[in-house]
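Me: Could you walk me through this structure, one question at a time? I would like the reasoning along with each answer.

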Amino acid sequence: MARKFIHPYIPNSVPEVQQEMLQEIGVKDIDEFYECVPDEQKVQGKLDLPDPLLSEAALKRHVEGILARNQPAGNMINFLGGGCWDHHVPAVCDEIASRSEFLTAYAGEPYEDHGRFQALFEYASMMAELLDVEVVNIPTYDGSQAAATALSMACRITGRLEVLVAASTAPDRLSVIKSYLYPDIKVNLFDYDPDTGLADLDDLSARLSDQTAAVYFENPAFLGYLETRGQEISALAHERDALSVVWTDPASLGVLNPPRAYGADLTCGEIQPLGIHMFMGGGRAGFIGAPDDERYIKEYPSRLFGIAPTTHREWGFGDVAWERTSFASRETSKEFVGTASALWGIIAGVYLALMGPEGMRELGENCIKRTRYALNKMAGLPGVKAPAIGTHFFKEFVVNFDGCGKTVVHINAELLRRGIMGGQDLSQVYPGMGQSALYSLTEKRSREDIDCLVNELEKILSS
Amino acid sequence: MFRLGLIINPVAGMGGPLGLKGTDGEEILELALKKGALPQAPSRAAHVLKALSQEKDKICLLTCPGPMGADTAIQCSMPFETIPLKINQKTSPEDTRRAAKMLQQRSVDLLLFVGGDGTARDIGSAVGERQLCLGVPAGVKMHSSVFALSPHHAAEIALGLIKGRRSQPRLAEIMDIDEEAFRADQLRARLFGYLPVPGSQRGLQLLKAGSSASEKAKQQASAAFFVEEMDPNRLYLIGPGTTTRAILQALGQEGTLLGVDALRDGQIIGKDLNEKDCLALLDQAGFEQATIVVTPIGGQGFILGRGNQQLSAEVVRRVSKKQILVVATPDKLQLLRGSPFRLDTGDPELDRQLCGIYRVLTGYRESAYYRAEL
Amino acid sequence: MSDKTKSRDFHQARWNEPIIFDLSTPGERGILLPEMEPEIETSAGDALGELPGDLKRSSPPGLPEMAQMRVLKHYLRLSQENLGADLNVDIGQGTCTMKYSPKINEQFAASPQLSGLHPVQDENTVQGVLEIMYQLEQFLKAISGMDRFSLQPGGGSHAILAIVSMIRAWVDDRGLSDTKDEIITTIFSHPSNCAVARAKGFKVINIYPDPKTGRPDLEAFKEAVSERTAALLITNPEDTGIYNENIKELTDLVHAHGGLCSYDQANANGILGITRAVNANFDFCFFNIHKTFSSPHGCGGPGCGVVGVKEHLIPYLPVPLTSFDEANNRYYLDYDVPKTIGKIKDYYGVIPAMIRAYAWIRSLGAEGLLEAARVAVLNNNYILNRIRAMKGAEVPYAEGEHRIEQVRYSFQLLKEETGCGFDEVQRRICDFMCHLWSSHEPFVVPEPFTIEPTESYSKQEIDEYLAALEKIIEEACATPDVLKTAPHNSPIHHVAEHEYLDDPKLWAVTWRMYKNRFEGYFEPKKEQ
């Protein structure tokens with residue numbers, strides 16, 4: 001019996017076409033194909049879903065009506081950061097991100113999908129220049145996954161099952177790391193100085209052992225400051241034959257040294273700052289960089305695209321694969337490979353190509369200098385402690401308002417009324433830091449924006 | 001330069017067109033020649049050499065004089081060197097064995113041999129696991145898995161190696177007809193040994209998941225799992241095969257590749273046991289306290305009856321089905337293409353009783369439940 | 001077969017674009033950044049110079065320097081060398097559900113009202129997106145019968161990670177870590193099931209299919225289940241397209257032994273509105289938003305995997321969930337999940353994918369989802385009927401039976417008869433503007449290929465794909481060299497020398513590595 005529900009997304013919903021096809025198969029009704037599903041397992045009646053919005057106009061009106069209830073920080077004077085940053089996304093990045101050819105492709109061969117292989121190879125290559133490494137993977141789900149995977153790799157490379165992670169690690173990232181490594185790998189924390197934010201080298205030293213696979217820290221740190229003794233941390237790790245694993249912000253590497261320069265064996269991080277909108281935290285991709293060392297390359301669970309010759313002297317590509325020839329007795333499972341974040345890798349490549357070395361330098365300079373300007377001005381506000389932790393900064397810093405007798409919740413609500421998104425409230429996540437907020441300054445924050453913030457804060461704090 | 005060794009068994013395959021079962025044995029050969037049999041192997045060899053001649057600049061060909069290699073090389077205009085092997089017009093298995101030893105001593109990168117199971121046995125007995133080989137099929141009896149699918153296929157594999165393609169060698173079985181059984185009118189294959197052959201060269205599209213383990217690594221993995229689960233009080237009869245041998249290697253011991261070894265408390269307590277030895281140990285151990293560990297042999301998935309005949313019906317009857325443990329890598333299972341394990345203990349009634357589901361150790365902390373049928 | 005469906009004379013764009021570094025000209029700029037205002041310069045002083053020694057970058061990164069249009073051009077050309085589902089009849093990528101990603105949904109996903117949201121901005125300012133997340137969860141509950149969903153995982157494998165992490169927590173919670181240490185799955189299931197289970201400390205048992213019926217061997221399954229069984233991870237229908245009517249027998253058995261059951265619904269597209277996870281008593285299920293629910297695949301992500309659970313497992317879900325506060329009529333991010341496994345992803349999940357799924361479901365409604373499933377299944381059986389008749393192709397298992405939304409076929413016969421197998425067909429089909437995909441490992445079915453049409457392609461398009469397949473099979477018999485040297489009409493020709501991808505001394509995964517090893521076109525670099 002032909003049903004009359006025709007939908008633009010379902011070409012063969014036309015009853016006559018269905019009949020033609022059924023006839024060719026020799027079956028009377030589509031129901032016959034479902035006879036293998038026992039009646040007791042079949043849905044009775046219809047699924048409990050709202051009536052369809054069949055016309056595109058109605059759908060658009062409905063969804064845009066819901067979206068209208070959002071007040072994007074991107075449209076305001078926005079000082080939120082802390083892992084997801086409000087950098088400028090070049091129009092060319094948006095253009096390439098919307099190309100159907102890339103957007104709707106998936107797992108084709110390096111022939112008919114040659115474009116994505118070359119684009120991702122180029123992404124990996126440009127990241128390699130930025131990070132000063134030889135190997136960069138096809139992106140993982142996000143930067144936190146990259147950190148977790150890098151630590152897992154370190155365990156396989158060293159054959160050990162413990163990692164030492166800086167206590168200053170971003171709290172949500174730490175949650176992902178712990179969740180991922182459980183139960184096989186033990187995660188221990190090492191302390192940091194509450195004023196400088198720097199790693200407590202004595203505590204690290206005391207906790208290092210022959211069971212430590214890796215020492216992990218972040219630079220810039222989640223709370224915005226820079227770790228100045230990376231070299232010493234790496235050295236301590238190496239003394240015990242552990243690896244140094246460092247998480248970094250690629251937006252900073254136009255002016256700051258990549259972690260390899262201060263002893264990192266594995267470098268990881270998040271590429272959202274490189275041409276990806278904030279998307280409420282829904283646009284993420286992670287990278288893991290390593291030296292050209294078979295011991296490291298073998299342990300990558302994610303895909304690596306290699307370049308290869310073709311029969312006609314073109315640039316060809318393919319997955320690099322190798323046979324692991326022995327089984328290690330401490331072998332935990334190879335991690336899994338699934339659909340992760342390839343498209344964002346391509347877009348980050350577009351971004352890096354647009355920026356070039358000069359652009360990345362200008363980006364770094366913008367961040368550091370605007371941050372310094374904001375810091376200086378905030379420090380001038382009565383009762384405000386800025387910075388609350390750390391000495392050198394890249395693009396964010398912590399401001400403490402304990403001396404003003406006002407909560408961050410109140411301050412941010414007042415700022416919001418004035419069209420300003422105040423810094424991230426840290427009082428719940430870091431209760432020891434009192435009423436503190438994390439203020440982020442990207443190249444989008446003009447002098448007027450910063451002056452406006454400071455003026456409004458002045459008014460709010462004195463009222 | 002790629003050092004390629006070549007041995008042609010000129011009498012291989014001559015019985016085929018005449019319906020004879022192989023040409024080993026003088027009387028059979030005489031019979032074949034009387035009936036007008038023509039040598040098959042040289043033309044197969046020529047097919048391979050012609051395909052390889054495109055890379056002749058990269059190849060240093062070492063071969064035997066006359067009908068065992070040189071004649072064909074001349075015919076194909078392939079430059080070559082001969083080894084100092086003295087042969088007569090009528091060649092013999094001993095010639096094959098001597099040639100193989102000489103080529104191995106001259107460090108050939110690959111030893112190509114053209115012949116059948118008999119030839120494979122001769123090569124195997126001469127060089128064992130020490131020389132990378134590849135069989136070009138030309139015999140009548142072709143039970144061994146040391147052979148390429150065809151002369152064309154053999155040439156493809158050799159060319160791949162010559163051009164520098166890497167592939168992990170795998171140990172391939174040398175099987176031949178069990179003559180005893182044959183005399184009793186039963187056609188069964190026996191395991192005679194192993195030869196390292198070039199591993200499978202995977203197509204691009206398989207290379208999607210980063211690293212994968214070689215066959216050897218997978219065998220080590222399932223061995224490690226076995227050792228983890230091993231009960232120190234139990235008697236284990238470890239059957240022939242490379243996957244089972246990996247278990248003994250994991251315990252730091254040397255087992256017999258073609259024989260049954262007995263294991264208790266992580267120690268080998270008997271090597272290369274025959275049926276009688278097995279029965280004695282089983283009676284000692286007592287019912288329920290023994291496990292027979294086997295791996296499929298011979299390509300058709302036989303877990304009993306091909307290559308492990310020491311584990312006779314009598315031996316197997318001493319244990320229950322639950323006490324038969326199979327070890328096999330996923331690749332080995334994949335070769336079965338969905339077909340079940342097979343049984344041929346010699347006792348059809350016992351075979352029937354043994355049909356059903358078996359636990360198979362397939363990797364580290366990884367197992368499967370796989371079906372055995374008649 | 002009409003003229004309309006004869007294979008077309010196709011040639012994909014071939015640009016021979018240089019590697020981007022070779023397009024660099026020193027001094028060119030692709031985009032300029034804001035200049036520092038004088039007040040900022042004064043206040044900041046030499047902020048860069050003041051950084052401690054080894055924090056400052058000593059030499060600029062070796063990125064290409066290109067003007068803007070050239071960057072655009074490069075990537076547009078590469079995009080032309082990429083065959084997205086929007087361009088071809090993408091039914092050959094079985095298991096991936098390459099359906100239409102409606103462009104109206106792309107408008108929603110790219111809207112500044114979504115892209116400009118920061119994840120920690122005040123919840124009152126993001127009620128719109130929270131509503132979408134909450135409503136999507138309600139839809140998924142209706143579709144599956146489960147009680148709560150987490151939208152956090154970034155893909156199917158990630159969802160499996162979340163589920164097995166929850167199983168781990170549940171087992172540990174009950175003090176059963178030593179006794180419940182086995183997870184059962186099938187050999188046709190996605191390899192991630194096995195890998196994740198092992199990573200979470202479980203031993204894995206793979207059930208092979210019954211050689212005749214193709215369903216998981218029931219007898220083998222019964223042998224495998226025991227008090228040691230912590231969970232069953234299973235797909236139904238499996239990648240063979242065969243629906244296991246005994247599924248409830250399997251879940252009952254696992255439950256009887258105190259284990260949990262998880263339903264991998266990567267293959268949900270053919271059963272939407274037909275059967276639900278709750279019908280077979282599953283405790284967990286997950287969907288791939290980028291498969292069944294139309295979010296585009298993005299060359300390999302971003303994707304989105306959503307995990308549904310029954311009430312008793314809600315406490316273990318990753319945080320935060322999205323909840324609705326009826327008293328105050330507002331949506332909020334809910335961190336009150338007492339035994340949560342923590343976070344498995346940054347922030348809340350892949351928001352753009354969620355809005356696409358929401359819009360897709362709103363566009364179709366219950367009747368539309370059912371029709372999508374029915375047509376997907378009709379299309380699949382139509383193809384099955386035609387491929388059955390093709391020379392060299394076989395349909396293993398369940399002889400004569402229908403399938404659900406996809407089929408696993410085999411070209412073993414073609415390989416034996418012509419020397420051309422799956423690899424050759426896959427490379428040749430590019431010349432006909434199509435893809436063909438094999439199978440997850442291990443290849444239980446030899447020379448496998450898997451076709452999943454979904455509901456998105458017309459009969460005419462399907463006929464064109466089948467015509468291409470038939471032509472290629474003809475060629476395999478008559479002129480196999482055409483396949484062996486394929487592709488001919490693709491952006492590049494055959495990558496014949498695998499050693500550049502296999503050999504650690506030869507491979508290069510970045511341009512930098514290539515330059516270290518080679519010069520010119522794969523000429524080994526001469527020792528200095």
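Me: Happy to start with a single residue: is A:Asp241 buried or exposed?
Reply: Bear in mind that this is a predicted model. A:Asp241 sits in the loop between helix H9 (230-239) and strand E6 (243-248) of chain A, and its phi is near 60 degrees, a positive value in a residue other than glycine. Exposed means over 50% relative accessible area. With a relative accessibility of 57%, A:Asp241 therefore counts as exposed.

Me: And C:Met433, with its positive phi, is that one buried or exposed?
Reply: The phi of C:Met433 is near 65 degrees, again in a residue other than glycine. This residue belongs to the loop between helix H12 (422-429) and strand E11 (448-451) of chain C. The cut-off for a buried residue is under 20% relative accessible area. C:Met433 has 5%, so the verdict is buried.

Me: Which strands stand at the edges of the open sheet in chain A?
Reply: That sheet has 7 strands with mixed pairing, in the order E2-E8-E7-E6-E5-E3-E4. A strand at the edge has a single partner strand, so one of its sides is left without a neighbour in the sheet. This applies to E2 (135-136) and E4 (186-190) of chain A.

Me: Within that sheet, which residue of E4(A) is the bridge partner of A:Leu164?
Reply: Strand E3 (residues 162-166) of chain A pairs with E4(A) in the parallel sense, over 5 bridges. For A:Leu164, the bridge partner in E4(A) is A:Asn188.

Me: Now chain B: which strands are at the edges of its open sheet?
Reply: Here 5 strands line up in the order E3-E2-E1-E4-E5, with parallel pairing. The two edge strands each have a single partner strand, so each leaves one side without a neighbour in the sheet. They are E3 (81-82) and E5 (133-137) of chain B.

Me: Which residue in E3(B) is the bridge partner of B:Leu62?
Reply: Strand E2 (residues 59-63) of chain B runs parallel to E3(B), and 2 bridges join them. The bridge partner of B:Leu62 in E3(B) is B:Glu81.

Me: How many residues of strand E2 of chain C are buried?
Reply: Strand E2(C) has both faces covered: C:Glu182, C:Ile184 and C:Thr186 are buried on one side, C:Ile183 and C:Thr185 on the other. The strand is largely enclosed by the rest of the structure, because the buried count for residues 182-186 is 5 of the 5.

Me: Which residue of E3(C) stands opposite C:Glu182?
Reply: E2(C) pairs with strand E3 (residues 203-207) of chain C in the parallel sense, over 5 bridges. Opposite C:Glu182 in E3(C) stands C:Lys203.

Me: What radius of gyration does chain C have, and what would a compact globule have?
Reply: The C-alpha atoms of chain C fill a box of roughly 75 × 70 × 50 Å along the principal axes. Buried residues make up 69% of the 528 residues. A compact globule with 528 residues would have a radius near 24 Å, which agrees with the value for chain C, 26 Å.

Me: Where does the cis peptide bond at C:Pro237 lie?
Reply: The bond from C:Asn236 to C:Pro237 is cis, with omega near -5 degrees. C:Pro237 is found in the loop between strand E4 (229-235) and helix H9 (247-256) of chain C.

Me: What is omega for the cis bond between C:Val319 and C:Pro320?
Reply: C:Pro320 is placed in the loop between strand E7 (305-309) and strand E8 (321-325) of chain C. The cis peptide bond joining C:Val319 to C:Pro320 has an omega of about 0 degrees.

Note on methods
Residues numbered from 1 in each chain as written. Chains lettered and ligands numbered in written order. Predicted model: local features only at pLDDT ≥ 70, side-chain atom pairs only at ≥ 80, totals over all residues. Heavy atoms only, no water. Rg over C-alpha atoms; globule rule 2.2 N^0.38 Å. Buried < 20%, exposed > 50% of the residue type's maximum accessible area, 1.4 Å probe, protein only. Pairing = 2+ DSSP bridges. Helix = DSSP H or I, 4+ residues; strand = E, 2+ residues; numbered from the N terminus.
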